[in-house]
Amino acid sequence: MLLKINNLKYTINLKLVVFFLFTGLFTSYAQEIIEEEVVTTETLINTAPKDSVQAFKKLKVDAVAGVVGEYIVLNSDVDKEFLQLEASGVNTEDITRCQIFGKLLENKLYAHHAIQDSIIVSNAEVRQQVDYQLQQFLAQVNGDIDRLLKIYKKDSEESLREEMFKTNKDLMLSQRMQRKVINDIEITPEEVRQFFNKIPEDERPNFGTELKVAQIVIEPKVSKEDKQKVIDKLNEYKRDVEENGSSFRSKVILYGQDPGIKQSDYIYTLNRKKPRMVKEFRDVAFGLQEGEISEPFETDFGFHIVYCEKIRGQEHDISHVLLIPKVSSDAVKTARDRIKSVKEKIEAGAITFEEAAKEVSDEKETKFNGGKLINPETQDYNFELTRMDPELYAQIQDLKEGEISKVIPERDRTNKLKFKLLKVSDRTEDHKANYAKDFLKIKKLALNEKKIKAIEKWQAEKIEDTYIKISGEMESCEFSSNWLKK
């Protein structure tokens, strides 16, 4: 049973590695639709001008390795995937050409049936993804577009964008088809129990050292006067655009403090059906008409004014100016002194950590449950040391059971300064999987196995229903799926 689980995990890991490369990096594998007429190298030579014949003869025929529906996979595609894996630091010694080829076939199968199932990927969201990727690539080459074109062997930015568009369109179709297959899969406690009982006791997995982490957070407060200064500035920008015809884009470029908007060419595309940005921001953005600028409003990130540039059905192209109020040095000192005082009271026994969290912590997500952090992976309070966020691990690694950390200054996701105290409790050393104690982890393993079986069943059915042709050396591959239809 464990061997089967390990094999499944290996399959998943390989898929994840390739999937990550596909989504995080631009890969230039072929995405061509097969045309009715196939033009061979021989045809090119016979029909070309005489002075071009020698050039054609130098062409290396790139054989078709496989066909899935309307899509093809070339032998060179497999080579390119190996290069991408190696360039990303992946050890490919244990990965075969057949495994890579099989993964490419899977991607084509998903994309093909996504089209058959009328799964929609809008051109606008593909273009947005291409824009984002291109900005990432340019950042890696210091903005040198010529160098980037040379790397990807393209003559122009337009041709690079065109190929990136095709690649991303098919990948997004494939991803959505995969999600559709497994989205509604759930698992019952009885199925979890059966899954666990099937594993022989001596083959049950080990779980590493675990503990619970709690924290108290105190943030320096921005004064009303400083908030009003920011609101007044935003109102000034709004009036300048509306009354004097100034460019909103220039306000974003010159004064905006959102570090991510530049990568999107100063435009965000919001879709009503796909939440993006915090709720307060979305509510304002979707309430605007084309050409309208909002009143200043506040989110956890600061204060904004939003401009609606274009509305296309469910999609709104918007821009915004974000200003973050400054925290005074007096406010910083007050917050630091306050948390030091809390620490002293806890250590003196005047108040418990849990009571202090409820009474003084500024973190609303944790203050009412004693400051306990929720593990984002497992959705419970237990953290496994070897899988913990490195920054959090560094902060708690030397703490003993029940010990309170020193005051830790930190900046959160909105770049706001905060001070916190940490405490660890309920430490459990390495142990064999226990059904009652480790139920959520076991449930996750059982659910993953159920999803894998669903994918295998879906693939087996769709392979039978889809035109598939494997050619050349790939015919000798031993696939986990019945691509050869034997």
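Select Ile305 and Val321 to begin: Val321 in strand S8 is the bridge partner of Ile305. The model is predicted, so local features need pLDDT of at least 70 and side-chain atom pairs count only at pLDDT 80 or more, while totals for chains, interfaces and linings use all residues. Residues are numbered from 1 along each chain as its sequence is written, and side-chain values use heavy atoms, with hydrogens and water left out.

**Stop 1: strand S8 and its partners**

Now show S7 (residues 302-312) next to S8: the two run antiparallel, joined by 9 bridges. Two strands pair here if DSSP finds at least two bridges between them. Strands are DSSP runs of E with at least two residues, helices are runs of H or I with at least four, and both are numbered from the N terminus. S7 and S8 make a hairpin with 2 residues between them, and Gly313 in that turn has a positive phi of about 65°.

Next, bring in strand S5 (residues 268-271), which runs antiparallel to S8 with 4 bridges joining them. Pick Asn271 and you'll find Glu315 of S8 standing opposite.

Why is S8 (residues 315-323) described as largely enclosed by the rest of the structure? Because 9 of the 9 residues of S8 are buried. Buried means under 20% relative accessible area, exposed means over 50%, and partly exposed is in between, using a 1.4 Å probe and protein chains only. Colour the two faces separately: Glu315, Asp317, Ser319, Val321 and Leu323 sit on one side, with His316, Ile318, His320 and Leu322 on the other, and all are buried.

**Stop 2: the four-stranded sheet**

Jump to the open sheet of 4 strands, ordered S9-S4-S11-S10 with antiparallel pairing. S9 (382-384) and S10 (408-411) are the edge strands, each pairing on one side only. From one strand to the next, the twist averages 50°. Zoom in on S10 and S11 (residues 417-428), an antiparallel pair with 4 bridges; here Pro409 has Phe419 in S11 as its bridge partner.

Keep S11 on screen and add helix H13, which lies across S4 (210-218) and S11 and runs at about 25° to S11. Axes are lines fitted to C-alpha atoms, for helices over the stretch in contact, and angles run from 0 to 180 degrees between N-to-C directions.

Click Lys343 in H13 (residues 329-347). Is Lys343 buried or exposed? At 17% relative accessibility, Lys343 counts as buried. Leaving out residues up to four places away in sequence, Lys343 touches Ile404, Ser405, Lys406 and Leu421, where contact means heavy atoms within 4.5 Å.

**Stop 3: two helix pairs**

Select H5 (residues 97-116) and H8 (residues 157-182), whose axes are 8 Å apart and pack at an angle of about 80°. That makes H5 roughly perpendicular to H8. By angle, under 35 degrees is roughly parallel, over 145 roughly antiparallel, 65 to 115 roughly perpendicular, and the rest oblique. Show side chains at the contact, including Tyr110 and His113 in H5 and Leu173 and Met177 in H8.

Finish with H10 (residues 224-244) and H11 (residues 248-255): their axes come within 9 Å and cross at roughly 150°. H10 and H11 are therefore roughly antiparallel to each other. At their contact, Tyr237, Asp240 and Val241 in H10 meet Phe248, Lys251 and Tyr255 in H11.

**Zooming out**

Across the protein chain there are 16 helices and 13 strands, and buried residues make up 42% of its 486 residues.
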